[in-house]
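Subject: A structure for you to look at

Dear colleague,

I am passing on the structure below, and I would be glad if you opened it beside this message while you read. My notes on what was found in it follow directly after.

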Amino acid sequence: MTELDVETVESIDEAAVPTGVDAPEYVLYGGKGGVGKTTMAAATALASARDGTATLVVSTDPAHSLSDTFETDVPAEPTRIREDVPLFGSEIDPDAELEAQAGVFGQGGENPLGGLGAMLGEDGEGPMSSLLGGAMPGADEAAAMQKLLEFLDDDRFDRVVVDTAPTGHTLRLLELPEIMDTMVGRIATLRQRFQGMMDGVKGVFGGDDDGAEEGVDDLDVLRERIERLRATLRDPGKTDFRVVMVPEEMSVFESKRLLAQLSEFDIPVGTVVVNKVMEDLADVTPAVDSDQFVTPNLDACEFCQQRWEVQQSALREAQDVFRGHDIKRVPLFAEEVRGEAMLRVVAACLE
């Protein structure tokens with residue numbers, strides 16, 4: 001096996017990084033936790049910004065690692081993280097956004113949603129709880145999604161690359177537009193139906209429903225944004241949802257499940273990225289000198305041989321996942337993928 005020359009890797013020519021990427025306006029990476037979504041999003045964003053495309057890379061995963069990947073602090077608000085190229089980063093904090101959006105999502109504060117909060121059953125026990133199916137679920141994901149919607153509408157960025165939460169959380173986010181659509185629609189209907197009655201009650205008892213009206217208006221705005229998000233996600237000319245997996249049985253299962261769920265929502269998947277494959281970098285991309293990297297010795301290493309068999313078995317099971325998609329492979333590296341030097345290598349694999 002060849003020893004890794006760290007100095008050589010650190011000095012990889014910038015030419016090894018693709019100048020720009022062949023991708024639509026929005027690129028979303030999803031998949032099981034721990035498969036490398038953050039790495040792929042960071043590498044794609046770095047390559048995207050190299051041709052002058054103003055690119056924002058966003059993490060909605062509560063277990064943030066975008067800062068670790070870039071080896072620089074990535075705050076919640078979009079901040080430029082490279083001086084030489086227009087690369088911006090943001091790590092959305094769902095808890096902080098939930099608190100900031102308390103009035104919309106019926107959480108915290110003395111009177112969330114004004115008088116409407118109690119009616120909607122923010123604790124799951126209000127008079128309208130049974131009609132609405134209980135308190136609104138997934139409020140933390142909803143708050144994160146609303147922040148993401150702001151970024152998608154932000155004219156400062158030509159491309160937005162999203163490192164999504166692990167599969168389960170991602171699916172809840174994708175289900176939320178349907179939930180919100182139903183919820184806001186029912187609220188609007190109720191408001192129209194009982195407006196006269198509420199005006200009469202307010203006239204008799206001197207009540208003030210401005211808080212409730214404001215809460216409903218906020219939800220109307222959110223619904224409109226969600227509708228735009230849904231249309232954007234379903235348009236392959238605007239969005240490429242890329243599924244990331246590793247060649248292991250559970251990852252294959254999760255990827256099939258994610259693809260099925262995305263299909264139910266009519267969200268097309270253009271690319272499947274297979275990460276941590278035990279193969280020589282030279283078999284994936286000619287852009288980087290593979291002699292710089294340690295590679296698995298499948299001839300003399302029994303452990304490597306067994307892991308290779310496990311991977312090959314998983315890849316055979318994944319044929320249905322691959323069918324009809326653009327497949328990208330990223331090798332298993334001996335060192336952790338952190339810093340821009342290694343991100344350049346990954347970007348070359350994704351080209």
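The largest pocket holds about 500 Å³ of space, and of the 27 residues that line this pocket, those closest to its centre are Gly34, Val35, Gly36, Thr39 and Lys276. Please keep in mind throughout that this is a predicted model. At least two lining residues come from each of α2, α3, β7 (271–277) and β8 (326–331), and among the contributors α2 gives the most, with four residues.

Since α2 will come up again, it may help to look at this helix by itself. The helix has 13 residues and reaches 18 Å from its first C-alpha to its last, which is close to the 18 Å expected at 1.5 Å a residue. How many of the residues of α2 are buried? The helix is mostly covered, with 13 of its 13 residues buried.

The helix α2 (37–49) also belongs to the elements that give two or more residues to the largest nonpolar core, together with β1 (26–30), α3 (66–70) and α14 (339–350). This core has 38 residues, of which Tyr29, Leu87 and Phe333 touch the most other members. If you select Leu87 and leave aside its neighbours within four places in sequence, you will find Leu87 in contact with ten residues that you can trace one by one, including Ala45, Leu46, Ala49, Val57, Phe70 and Ile81. Apart from the largest core lies another, of 34 residues, among them Ile92, Phe151, Leu152 and Leu315.

Two residues deserve a second look for their backbone angles. Most residues other than glycine have a negative phi. Glu71, however, has a positive phi near 55 degrees, and Glu71 is found in the loop between α3 and β3 (79–80). Because its relative accessible area is 52%, and exposed means over 50%, Glu71 counts as exposed. Asp266, which is not a glycine either, has a positive phi of about 60 degrees and is found in the loop between α11 (249–264) and β7.

Finally, a word about confidence, which you should weigh when you read the model. The protein averages a pLDDT of 76, and 63% of the residues score at least 70. Over residues 105–124 the pLDDT stays under 50, and the model has 48 contacts beyond four places in sequence for them; over residues 126–137 the pLDDT also stays under 50, with 30 such contacts.

With best wishes

Conventions: Residues numbered from 1 in each chain as written. Predicted model: local features only at pLDDT ≥ 70, side-chain atom pairs only at ≥ 80, totals over all residues. Heavy atoms only, no water. Core = buried A, V, L, I, M, F, W, Y, C linked by side-chain atoms within 4.5 Å. Buried < 20%, exposed > 50% of the residue type's maximum accessible area, 1.4 Å probe, protein only. Contact = heavy atoms within 4.5 Å. Expected span 1.5 Å × (residues − 1). pLDDT = per-residue confidence, 0-100. 1 Å grid on protein atoms, 1.4 Å probe; cavity = no way out; pocket = protein on both sides within 12 Å on 5 of 7 lines; lining within 4 Å. Points joined across faces, edges and corners; volume = space filled by probe spheres on them.
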